[in-house]
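The following exercises concern a sheet and a helix. Each task is followed by a solution in steps.

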Amino acid sequence: MGVPASGAVDIFDLRVANRLVGNPDGEAALEITAEGPVLRFTEAAHVALTGGKLEALLDGEPVPMYQTLAVKAGGELACGRVMQGWRCYLAVAGGIAADPVLGSRSRDTLSMLGPEPLAAGITLPLGHAPQPAPSFYLRSPPQYAAMPPLRVMAGPQQDWFTPEALLNLRRDAYKVQPQSDRVGVRFDGAPLERGRGQELPSMGMVAGAMQVPPSGKPIALLMDHGTTGGYPVIAVVISADLPLLAQLAPGTAVRFSDVSRQQALAAAREQAARLVRDLVAADAGLLAARALMNLAGGYESLRQAAISDGKRRIRIRK
Amino acid sequence: MNLHPMGEAALLVDTASPAHAQALRHALLASAMPGLRELVPGQASLLIVIDPAALGLDELAQRVTTLTAEARAAAPRHHEFITQYSGEDLTAVARLSGMEPVEVVRRHAATSYEVAFLGFAPGFAYLTGLDPALRLPRRAEPRTRVPAGSVAIADEFTGIYPQASPGGWHILGGCDVRLFDTSLTQPALLSPGDQVRFTVAR
């Protein structure tokens, strides 16, 4: 029927966020792009922030990412800008009780399906929180300050391109364009020219597929991509690197490197194993010590910016 | 039959026709093979998305080559869409095809089209049967936003944008029709095999 699966564009950080608050993988969380909201909790809750480096204040105090945070009833979590990377996930124990559409509780921005995008003043209902209360952190969390080359496999239409195009893609840096969104990341860089002039029959697409329109500027598809497309696919970003693709901020330059199918499968297995291996149960004392260690210096810039400007307030209730 | 991996978790199968892609899709659905995630028919292809932990691409490729295509019987439905031919690309299409805009409209509305497959956006149907004189490649730079209801052409197809979305097709006009409704058991109005005509709004 022409609807993609949609869902979080950085599925790794969504899973980590859910696990940090004791949720099953499929629970709905907030995806925050570039800048986050101010959230008022009407009831006590456990939350976790993952993804790009976000400056956030809980009741005026800076809080770390990648660990469980306890929020008091009436507490306020003020999210600032994403300083490194591009997207963050905020999971709440019990999940956000959004109504699914066609089996998804994600806003599909291309299909305009699923829950409405958040706006200031709305109230988000929560599901039942798991017992006992969660208390975890993630060992060696991802860093999105310097992006490694994105690993790609040869695309089904690789032979449509000139040898120069195939070389350019592997040699040059490509810069993320501001028009990028949940449908796809648009790149600018050395043009990828076709050796063939004919039109391609439209075919099914996957997230990670790097389509090349006649302009020669590739578009790497994300979760809200159209189910089919008519531009040749020069390469496909491997599943394990889709989270990195989703974390590319506009203006970031990135390179691409080739891997085999076996390497792609191994990378996906390693990522899944890491979710289990690096998730550490810890008591409140250890989490507090870890928070102190990670937050030396605090967020003076954020505090001075008086972020609670009232425009981005969203209420969270049980 | 050509098979191409599309990343490590999908196989693109080139098929002779949309009908063949549909037949292969039905055969795969009937096989109840574990590890199948998504089947996406294309113009002359079927994309098979898998869970690589449950099904290997090599094993899938073997199954696909041995699966015999089964006949698919479905009664086509007929649709007629009243269209305002005032799209922003009408004059450009006329110039590129070397005819007057009124002739572009006449030819576009003179044909009965068939739904080849769905894709690109929810409820978006690729309609075949376009007058060969109107065949143009997609726009070099896709538009970031095409209004809902836009009637457009590209390559050998015409189609209607069910909702506002990015798009690289040439817009001839617009019509007022609900092509996708999640409250219905069959959300998409158009299905492969359906017959479609456009009539000029008076």
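A residue counts as buried if 20 or more other C-beta atoms lie within 10 Å of its own, and as exposed if 12 or fewer do. The model is predicted.

**Exercise 1.** Determine which residues of helix α2 of chain A are buried and which exposed residues its opposite face carries.

*Solution.* Step 1: in helix α2(A), residues 163–171, the buried positions are A:A165, A:N168 and A:L169. Step 2: viewed down the axis of α2(A), these buried residues lie within an arc of 95°, and therefore line one face of the helix. Step 3: in general, an α-helix has 3.6 residues a turn, so residues three or four places apart point the same way. Step 4: on the face of α2(A) turned away from the buried side are the exposed residues A:P163, A:L167 and A:R171. Step 5: the cover over the buried residues of α2(A) includes strands β16 (233–237) and β18 (256–258) of chain A.

**Exercise 2.** Establish the strand order of the sheet in chain B and identify the helix that packs on it.

*Solution.* Step 1: an open sheet of 4 strands in chain B has the order β1-β2-β4-β3, with antiparallel pairing. Step 2: β1 (3–5) and β3 (36–41) of chain B each have a single partner strand, so these edge strands have one side without a neighbour in the sheet. Step 3: on average, neighbouring strands of this sheet are turned by 20° against each other, direction ignored. Step 4: helix α2 (residues 57–66) of chain B packs on the sheet and touches β1, β2 and β4 of chain B. The direction of α2(B) makes about 25° with that of β2(B).

**Exercise 3.** State how many bridges join β2 to β4 in chain B, and which residue stands opposite B:A10.

*Solution.* Step 1: antiparallel strands β2 (residues 10–14) and β4 (residues 45–50) of chain B are joined by 5 bridges. Step 2: opposite B:A10 stands B:V49 in β4(B).

Key. Residues are numbered from 1 along each chain as its sequence is written. Chains are lettered from A and ligands numbered from 1 in the order in which they are written. This is a predicted model: local features need pLDDT of at least 70, side-chain atom pairs count only at pLDDT 80 or more; totals for chains, interfaces and linings use all residues. Two strands pair if DSSP finds at least two bridges between them. Helices (H or I, at least four residues) and strands (E, at least two) are DSSP runs, numbered from the N terminus. Axes are lines fitted to C-alpha atoms, for helices over the stretch in contact, and angles run from 0 to 180 degrees between N-to-C directions. Two residues are in contact if their C-beta atoms, placed from the backbone, lie within 7 Å. The arc is that of the directions from the helix axis to the C-beta atoms.
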